[in-house]
Amino acid sequence: MTQEEIYKKVANTLVEALNVDEEEIQRGSRLQADLGAESIDFLDIVFRLEREFGIKIPRGELFPESIFQGDPDMVQNGKVTTKGLSELRQRMPYADLKRFESNPDVAAISDLFTVELITKYVEGKLRSGN
Amino acid sequence: MRWIWIDRFVEFRRAERAVAVKQWSLAEDLFACHFPGYPIVPACLLLEGLAQTGGILVGEANDFREKVVLAKIARAKFQREVMAGEEISLQADVLYIRQEGAAIQGRVCCGDELIGEAEITFAHLDQSRSQQIFGDRNFVFSGELKNLLQQSNMAPATSP
């Protein structure tokens, strides 16, 4: 399956899960800020991706829960520390953190979850055969 | 008002499928204003009946340890109205049950006629946080809702 085919299937999945129009979805669309996703939608999205692509998504793998849990080594003054960024890279290897690293505001972590991120995640899962 | 929108279970297959029935009597208070001279069941109560059927199915799958709450109805579609006096069946088929929550495909039927469908997602409340707020008591499955299975003599059975 090509990346374009994966993207189209991911977009269709989000249309179903979030009740948004196909035209609203772009690669850079943020799930929460642009597409109006709420926390329960993540569970729904995970289920639909598993069904659509025939993959298994363990709890917290695509949408990590409480990554830093208030750990001061990870977050200081509302910014993710170097150690926190390293943790983020490890937990979300499929995320593009370049822009986030220039201003690692902890409140902006939710903006990392885009249609593109999900597409890359699924691509990685399909490639690894998991 | 008692918030039970199932009369009894007629089928229960653990973690798989549950079917409950409900007969809507014209004597129900809600028909006084919904609507005078045209007694139809509010679709939201049909959805609540489906959610109760599916919620008990999902809750029983984990021996009622989880606090199962209705979280999302991704879509719901009804073909026609349900009138007072009709007996309907509320059918719930498990789509998935995970640690975080579950979903069912629900159908409302009158005999063989499909009246409505809905996909319903349930969340399992975070155990540690809900314990802080609500204590040990499982407020979802206390009293009547949990007893419905016993009242219907539907001892849970695993599928062959």
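The following paragraphs describe the two chains of a predicted model and the contacts between them.

Chain A comprises 5 helices and 2 strands. Read from the N terminus, these elements follow the order α-α-β-β-α-α-α, with both strands placed between the second and third helices. The radius of gyration of chain A is 15 Å, close to the 14 Å given by the globule rule for 130 residues, so chain A is as compact as a globular protein of that length. The C-alpha trace of chain A extends over about 40 × 30 × 25 Å along its principal axes. Of the 130 residues in chain A, 25% are classed as buried. Among the contacts of chain A with a separation of 6 or more, 58% are formed by residues 24 or more positions apart.

The domain assignment divides chain A into domain 1 (1-63 + 113-130) and domain 2 (65-109). Domain 1 of chain A is thus given as two segments of sequence, and domain 2 is given as one segment. The centres of domain 1 and domain 2 of chain A, taken over C-alpha atoms, are separated by 21 Å.

Chain B contains 3 helices and 6 strands. Along the sequence, the elements of chain B are arranged as β-β-α-β-β-β-β-α-α. In this pattern, two strands precede the first helix, four strands follow that helix, and two helices end the series. Of the 160 residues of chain B, 33% count as buried. For contacts in chain B with a separation of 6 or more, residues 24 or more positions apart account for 68%.

At the interface, 12 residues of chain B are in contact with 6 residues of chain A. On the side of chain B that touches chain A, the elements giving two or more residues are strand 3 (68-78), strand 4 (87-97), strand 5 (101-110) and strand 6 (113-124) of chain B. Strand 3 of chain B makes the greatest contribution to this side, with 3 residues. By residue class, the side of chain B that touches chain A consists of 6 nonpolar, 3 polar and 3 charged residues.

Technical notes:
Residues numbered from 1 in each chain as written. Chains lettered and ligands numbered in written order. Predicted model: local features only at pLDDT ≥ 70, side-chain atom pairs only at ≥ 80, totals over all residues. Contact = placed C-beta atoms within 7 Å. Nonpolar A, V, L, I, M, F, W, Y, C, P; charged D, E, K, R; others polar. Rg over C-alpha atoms; globule rule 2.2 N^0.38 Å. Buried ≥ 20, exposed ≤ 12 C-beta atoms within 10 Å, placed from the backbone. Domains from an automatic or database assignment.
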